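Please work through the following exercises with the sequence and the model at hand. Each task is followed by a solution in steps.

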Amino acid sequence: MGSWVEGADGSGFGLENLPFGAVAHGGGPARPAVRIGEHALILQPLAEAGLLGDLPAGVLAGPVLNPFLALGRPAWSATRAALTELLR
């Protein structure tokens, strides 16, 4: 299973391993993201567009993953599956 993201395949952070985290850029606030290759994909815009399933509004809007993590494994798995489809 390959990704259209340049450099993701074989990087250790391809579709088989999409770790969640929080990233900051240019001195801005941290935002929940997923790593794909050498890139960080910010999750809030995808959630707001309805591309990550039925996540509660704002769960990915803050600077930490705690609200998302509190949803539990079913939400994490569904989100990761949606991301895999988007990045495939």
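The exercises below concern a predicted model and treat its sheet, one serine and its aromatic rings.

**Exercise 1. Determine the strand order of the open sheet and the sense of its pairing.**

Step 1. Begin with β1 and β2, which pair in the antiparallel sense over four bridges. Within this pairing, G21 stands opposite A33 in β2.

Step 2. Continue with strand β2 (residues 31-36) and strand β3 (residues 39-42), which also pair in the antiparallel sense over four bridges. Here I36 stands opposite H39 in β3.

Step 3. Combine the two pairings: the open sheet has three strands in the order β1-β2-β3, with antiparallel pairing. Its edge strands are β1 (20-23) and β3, each of which pairs on one side only. On average, neighbouring strands are turned by 50° against each other, direction ignored.

Step 4. Add the helix that packs on this sheet: α3 (residues 73-87) touches β1, β2 and β3. The direction of α3 makes about 75° with that of β1.

**Exercise 2. Identify the residue that takes a positive phi in the hairpin of β2 and β3.**

Step 1. Locate the connection: the hairpin has two residues between the strands.

Step 2. Inspect the backbone there: G37 takes a positive phi near 60°.

**Exercise 3. Decide whether S3 is buried or exposed, and describe its surroundings.**

Step 1. Place the residue: S3 is found in the segment before β1.

Step 2. Apply the cut-off: buried means under 20% relative accessible area. S3 has 12% relative accessibility and therefore counts as buried.

Step 3. Examine the polar contacts. The side chain of S3 reaches the backbone nitrogen of V5 at 3.0 Å, and a polar atom of that side chain lies 2.8 Å from the backbone oxygen of L87.

Step 4. List the contacts beyond four places in sequence: S3 is in contact with A8, D9, L15, I36, L87 and R88.

**Exercise 4. Classify the geometry of the aromatic pair F20 and F68, and state which parts of the chain the pair ties together.**

Step 1. Count the pairs: the structure holds one aromatic pair.

Step 2. Consider the geometry. The ring centres of F20 and F68 are 5.0 Å apart and the planes stand at 65°, so the pair is edge-to-face; the cut-off for this class is over 60 degrees.

Step 3. Place both residues. Because F20 lies in strand β1 and F68 in helix α2 (residues 66-69), the pair ties together parts that are 48 residues apart in sequence.

Step 4. Check the burial of F68: at 0% relative accessibility, F68 counts as buried.

**Exercise 5. Find the ring whose face R35 lies over.**

Solution. R35 lies over the face of F13, at 3.8 Å from the ring centre.

Note on methods: Residues are numbered from 1 along each chain as its sequence is written. This is a predicted model: local features need pLDDT of at least 70, side-chain atom pairs count only at pLDDT 80 or more; totals for chains, interfaces and linings use all residues. Side-chain values use heavy atoms; hydrogens and water are left out. Two strands pair if DSSP finds at least two bridges between them. Axes are lines fitted to C-alpha atoms, for helices over the stretch in contact, and angles run from 0 to 180 degrees between N-to-C directions. Contact means heavy atoms within 4.5 Å. Buried means under 20% relative accessible area, exposed over 50%, partly exposed in between (1.4 Å probe, protein chains only). A polar contact is a pair of N or O atoms within 3.5 Å; within protein, one must be able to donate a hydrogen and the other to accept it, and residues adjacent in sequence count only if both atoms are side-chain atoms. Rings of Phe, Tyr and Trp (its six-membered ring) pair if their centres lie within 6.5 Å; planes under 30 degrees apart count as stacked, over 60 as edge-to-face and the rest as tilted. A charge sits over a ring if NZ of Lys or CZ of Arg is within 6 Å of the ring centre and within 35 degrees of the ring normal.
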